Amino acid sequence: MIQPAKPVLSALARLENAGYPAYIVGGAVRDALRGISPHDYDLCTAARPQETIAVFAGERVVETGLRHGTVTVLLDGMPLEITTFRVESGYSDKRHPDHVRFVRTVEEDLSRRDFTINAIAYSPYRGLADPFGGQTDIINHTLRAVRNPYTRFSEDSLRILRGLRLAAQTGFAIESVTEAALYALAPTLAQVAPERVSAELLRLLCGRYAGQILRKYTDILGVIVPELLPMRGFQQHNAYHLYDVLEHTLRVLEQIPAQPALRLAALLHDAGKPDAFTMDENGVGHFYGHPKISAALAEQRCLALRLPAALRETVVSLVRIHDVPIEQDIKSVRRRLAQHGETRLRQLLMIKKADCVGRGTHAEYIGYYQQLAAMLEETLRQGACLSVRSLALNGHDLMALGLHGKAVGEMQRWLLSQVLDDPARNTAEKLSALAQIHMEEL
């Protein structure tokens, strides 16, 4: 059933040989039972932290969290987190248990975990430990809290978001009592540290079933992304859009590659539409200036979630420029490449293509952006000059022509615009001639 990596088997054997029952637990077991190869392993054992350290004497051991019973052992280059069987009580900060008590049985340890599919342990010596029916829930594609869901989510509110993330990744249906607890305790998500929320949210957005979960649990996710709520049911009254703003947004997200920056940009790209909406005398809806409003909302949300600066910059930039027109000609593509760079332009074209799909109208526009993508590839293949640094005439050459100070940079930017129109102009002779003509015109 489960074929652990050799370092994992070695660790289990050393603990068992020392008299301490030991198991693989959590996501690795869940994934293996679903037919997915685990990418990392967590172990649990009856050994107390100091006993675990003694078992692995001579190996590199990091005292990751002794208070909670966790040490990390490096075996054959693989870090293995090994935690003592434990039960917990009291979560006054909605994050950490106030009290941890070490226990001797795996069943007691599994009783503290969040969902049944995560409360399964496996040992090649002792078999499967599944006291809460997690294997049956995996077979039935069901997500169910361990024991009382109100208790589980009251202990750690982040489990609410983790449940939605697991559903977005697996497509599992959330069991009715667990679902009721999710809704009842959703407001407590506001008490969770933003860094923890953002980590789970980004994983949720990249899940295969993210659109379905966002669609079904908008009220819950609206606690941490309140921009979603005004989008729901907001009709666009426009021939270019078949769906309300939220449904359009989710269809865009479902068409975007599962990368955090792209998915979050897709989620927020039209967040400003409700505020920008106007209707003309013919009953047609317009959203003038919505990219700017959406970008401001996106920046506000990224800051609230305390996302890394680079991720925030990418998201806000894509939201701000998602509606800029790109003409279907090679000159326009060269100019956009020079303006945004290769990576950002590729991302922008992905957003634009997905935006077309999400409208539900004018399918012919999809081909338009496919052609632009082809032009982008051709431009890159040709090695076009896209920056002043690639000009055949440098700053010293321009100074030799009599330019100084700011005039040098201004001339370089003007020459680049000429080369973007016609790459054949990028020779020292032609650029020198163009520069002298332009100097005479000034």
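How many salt bridges does a search of the whole structure find? The count comes to 27 salt bridges. Keep in mind that this is a predicted model. Here's a quick tour of three of those pairs, plus a small network.

**Arg 162 and Glu 200**
- These two side chains meet in a salt bridge, with N and O 3.5 Å apart.
- The link ties together distant parts of the chain: Arg 162 sits in helix H7 (residues 158-170) and Glu 200 in helix H9 (residues 194-205), 38 residues apart.
- Both Arg 162 and Glu 200 are buried.

**Asp 421 and Arg 335**
- Here's another salt bridge, and the closest N and O atoms of Asp 421 and Arg 335 are 3.0 Å apart.
- This one also links distant parts of the chain, since Asp 421 belongs to helix H22 (residues 406-421) and Arg 335 to helix H18 (residues 330-340), with their positions 86 residues apart.
- Asp 421 is partly exposed, at 26% relative accessible area, and Arg 335 is partly exposed too, at 34%.

**Glu 378 and Arg 381**
- The side chains of Glu 378 and Arg 381 pair up in a salt bridge at 2.6 Å, N to O.
- Both residues lie in helix H20 (residues 364-382), three residues apart, or about one turn of the helix.
- Glu 378 is partly exposed, with a relative accessible area of 29%, while Arg 381 counts as exposed because its 62% is over the 50% cut-off.

**A shared network**
- Salt bridges with partners in common join Asp 114, Arg 162, Arg 165 and Glu 200 into one network.

Definitions and conventions: Residues are numbered from 1 along each chain as its sequence is written. This is a predicted model: local features need pLDDT of at least 70, side-chain atom pairs count only at pLDDT 80 or more; totals for chains, interfaces and linings use all residues. Side-chain values use heavy atoms; hydrogens and water are left out. A salt bridge is a side-chain nitrogen of Lys or Arg within 4 Å of a carboxyl oxygen of Asp or Glu. Helices (H or I, at least four residues) and strands (E, at least two) are DSSP runs, numbered from the N terminus. Buried means under 20% relative accessible area, exposed over 50%, partly exposed in between (1.4 Å probe, protein chains only).
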